[in-house]
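Reader: I should like to request a close look at a single part of this structure, followed by an account of its surroundings.

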Amino acid sequence: MDLLTPGTGLILWQIFVFLLLVFLMAKFAWKPILGSLKEREESIQQALDSAERAKLEMAALKSDNEKLLREAREERDKILKQAREAANRMHDQAQADAKRNADKIIEDAKAIIQTEKQAALRDVKSQVAMFSLEIAEKLIKNNLKEDKAQKELADTYIKDLKLN
Amino acid sequence: MKKPVFAAKSSFLAAFLIVLVSLISPVWASDNEASGEAEPFNASEVILHHVLDDHQWHFADGLVLPLPVIVYSSEKGLEVFSSSRFYDEHHNVVEYNGYKLEHSHIYLADTGKAVLDLSITKNVAMLFINAAVLLFILLSVAKAAKANKGKAPKGLQSFMEPIILFVRDEIVKPNMGHHYERFLPYMLTLFFFILFGNLLGLLPGAANLTGNIAVTMVLALITFFLTNINGNKGYWGHIFWTPGVPLPLRIVILPVEIIGVFTKPFSLMIRLFVAITAGHIVLLSLISLAFIFGSIWVGFASSLIVLFINLIELLVAGIQAYVFTMFSSMYIGMAVADHGHDH
C-alpha cells in the first residue's frame with residue numbers, strides 16, 4: 001500500500017523544511033508577535049489598574065469634598081443659630097428696656113398724678129374749709145341777727161368752756 | 001474568514017468545472033474510441049493518484065508540471081534531472097539514464113535496486129509552498145506587530161492575532177502550565193503548518209500534504225522526541241514505577257505504559273493522516289460519480305454534495321490542526337509537569 005508507506009525523500013524534506021520553519025518562525029515571527037501581544041496585554045493591564053486607582057482617588061476626593069461640604073454646612077448652621085440667638089437676645093433686651101422705660105414713665109406719671117391729686121385735694125380741702133367758713137359765717141351772721149340768738153350762742157360756748 | 005471562503009469558492013468552481021468537463025466527456029470518449037484506445041474511467045486509480053505523492057504535478061490532462069528528480073545511489077552517485085525524462089510524447093513511462101520509474105518509485109534499471117529518492121515531488125513542492133505561505137503571512141504579521149508597536153492591530157495582523165492567542169491561551173497554556181513559553185514557538189508553528197497545509201490541500205489541484213503519512217510521521221516524531229527528551233523524573237517514574245498502585249499492578253502497568261509512550265505519537269500520526277486523506281477521498285469519490293454515471297445531472301447533484309463536504313473539510317482542517325497541537329502540548333505537558341500534587 002503506497003498510501004501507508006512513508007516515502008524516504010518526503011520524510012527527509014519534511015524534517016529539514018519543518019525544523020527550518022520552526023527555527024525561522026521562532027526567531028522572526030513568533031518572537032516579535034508574542035512579544036507585542038504580551039506588551040499589549042501588560043499595557044492594557046496597566047491602563048486598567050491606573051483607571052481603577054483613578055477611580056479610588058476620585059472616590060476619596062469626592063468623600064473629602066462631601067466632608068468639607070458637610071462641615072461648611074454645619075458651620076453655616078452654627079453661625080445662623082448664633083445670629084438668631086443674638087437677634088433674639090437683642091430683641092428681648094430691647095423689649096425689656098422698653099418695658100422698663102414704659103414702667104418708669106408710668107411710675108413717674110403715677111407719682112406726678114399722686115402729688116397733683118394730693119395738691120388738688122389739699123386745694124379742694126382748703127377751698128372747702130373756706131367755703132365752710134363762709135357758709136358758717138353766713139349762717140352765723142344769719143343766726144346772730146337777733147340778740148337772743150347771740151346770747152344763746154354765747155351761753156352755749158360758755159357752757160362748752162365750762163365743760164372743758 | 002477570507003481564506004476559507006476563497007477556498008470553498010475555488011472548490012465549488014472546481015466542482016463546477018468538472019461538471020462542465022463531464023458535459024463534453026462524451027466527445028472525448030468518442031475521440032478515444034476513434035484512436036482505438038478506449039479506457040473505462042477508473043475512479044480508485046484517479047483518487048489514489050490524487051492523494052498519493054508523484055514525481056510530476058498533474059493539474060489537469062494536458063497541464064502537467066514536471067518536477068525535478070534528485071536521486072542518489074552508491075553506484076551512480078547524486079543525479080538531478082527533470083521527471084519529464086521518464087515520459088515519452090505519448091505519456092508512456094520510459095527508462096532514463098539507467099533509472100526506471102515504477103509506481104512512483106525509482107529503481108536502477110539494470111539491478112532493480114531502489115535508489116535514495118530526494119526528488120522534489122508534488123508533496124515536497126507543496127511543502128515548500130506551504131512553508132513559503134506560512135513565512136510570508138506570519139512574517140508580515142510580525143512586521144506589522146513591530147510597526148504597530150503600542151497601537152491597535154490592523155489588517156492581516158488583527159486577523160491572525162486572535163488565532164495565535166487561541167493557540168496560546170486555549171491549547172498550549174492549559175495543557176502545559178507554566179512551562180508553556182519554552183514550547184510555544186514549536187506549538188504555534190505546528191498548528192499553523194497543519195492548518196495551512198490542510199487548507200491549501202483543499203484547493204483544486206493542490207497536493208495532499210498533511211494527508212501524507214510521511215509528513216504526519218515527522219510531525220508526530222518531533223512531538224515524540226520533545227516529550228521524551230524533556231520528560232522529567234516524575235514522567236519516567238510514572239512509566240516504570242507507577243506511584244500509588246499495588247506492586248502486582250505495577251508490573252502489569254509497566255508494559256502498558258511503555259507501549260503508551262509509542263502509541264501516543266502513533267495516534268497523532270494516524271489521526272491527521274486519516275482525517276485529511278479520508279476527506280480528499282470522499283470529495284473525489286463524489287466528483288467521480290459524475291464520470292462513472294456519465295450524466296450531468298449526477299454531476300450537478302454530486303457537486304452540491306461536494307460543496308457541502310468541502311465546508312465540512314474546512315471545519316476538519318481547523319479541528320485537526322487544533323487536535324494535533326492540543327495532544328502534542330498535552331503529551332509534552334505531562335512529561336514536564338511538576339508532579340507530587342496529583343495522585
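In which helix is the place of A:S36? Please begin there and then proceed to the neighbouring chain.

Author: The model under discussion is predicted. A:S36 has its place in helix α1 of chain A. With a relative accessibility of 8%, A:S36 counts as buried, because burial requires a value under 20%. Leaving aside neighbours within four places in sequence, the contacts of A:S36 are with B:A145 and B:E161. Both of these partners carry the letter of chain B, and the account may therefore turn to how the helix of A:S36 meets that chain.

Helix α1 of chain A covers residues 8–143, and it packs against helix α5 of chain B, residues 180–201. The angle between the two is about 115 degrees, and their axes lie 8 Å apart. The crossing of α1(A) past α5(B) is right-handed. On the side of α1(A), the contact is made by A:Q14, A:F18, A:L21, A:V22, A:M25, A:A26, A:W30, A:L34 and A:K38. On the side of α5(B), the residues are B:E181, B:L184, B:P185, B:Y186, B:L188, B:T189, B:L190, B:F192 and B:F193. Sorted by class, this contact holds 14 nonpolar residues, with two polar and two charged ones.

Chain B itself deserves a description as a whole. Its secondary structure consists of nine helices and seven strands. Of its 343 residues, 45% are buried. The accessible surface of chain B amounts to about 17,400 Å², and carbon and sulfur atoms account for 70% of that area. When contacts within chain B between residues at least 6 apart in sequence are considered, 65% of them join residues at least 24 apart.

Among the strands of chain B, three form an open sheet in the order β4-β3-β7, with antiparallel pairing. The edge strands of this sheet are β4 and β7, each of which pairs on one side only. In general, the strands of a sheet pair through backbone hydrogen bonds, in either a parallel or an antiparallel sense. Strand β3(B), residues 68–73, pairs with strand β4(B), residues 77–82, over six bridges. A hairpin of three residues connects β3(B) to β4(B). Within this pairing, B:P68 has B:S82 as its bridge partner, and B:V71 stands opposite B:E79.

Towards the other edge, β3(B) is joined by two bridges to strand β7(B), residues 116–117, and the two run antiparallel. Here B:V71 stands opposite B:D117, while B:Y72 has B:L116 as its bridge partner. B:V71 thus faces a residue of β4(B) and also one of β7(B).

A residue in another helix of chain B may be set beside A:S36. B:L254 lies in helix α8 of chain B, which spans residues 247–293. The relative accessible area of B:L254 is 28%, so this residue is partly exposed, a class that lies between the limits of 20% and 50%. Not counting residues up to four places away in sequence, B:L254 touches B:I239 and B:F240. The C-alpha atom of B:L254 is separated by 9.1 Å from that of B:H238, a residue 16 places away along the chain.

To return to the point of departure, A:S36 is buried and is in contact with B:A145 and B:E161, whereas B:L254 is partly exposed and has B:I239 and B:F240 among the residues that it touches.

Conventions: Residues numbered from 1 in each chain as written. Chains lettered and ligands numbered in written order. Predicted model: local features only at pLDDT ≥ 70, side-chain atom pairs only at ≥ 80, totals over all residues. Heavy atoms only, no water. Pairing = 2+ DSSP bridges. Helix = DSSP H or I, 4+ residues; strand = E, 2+ residues; numbered from the N terminus. Buried < 20%, exposed > 50% of the residue type's maximum accessible area, 1.4 Å probe, protein only. Contact = heavy atoms within 4.5 Å. Areas by Shrake-Rupley, 256 points an atom, 1.4 Å probe, with all protein chains shown as cover. Axes fitted to C-alpha atoms, helices over the stretch in contact; angles between N-to-C directions. Left-handed = near helix turned anticlockwise from the far one by under 90°. Nonpolar A, V, L, I, M, F, W, Y, C, P; charged D, E, K, R; others polar.
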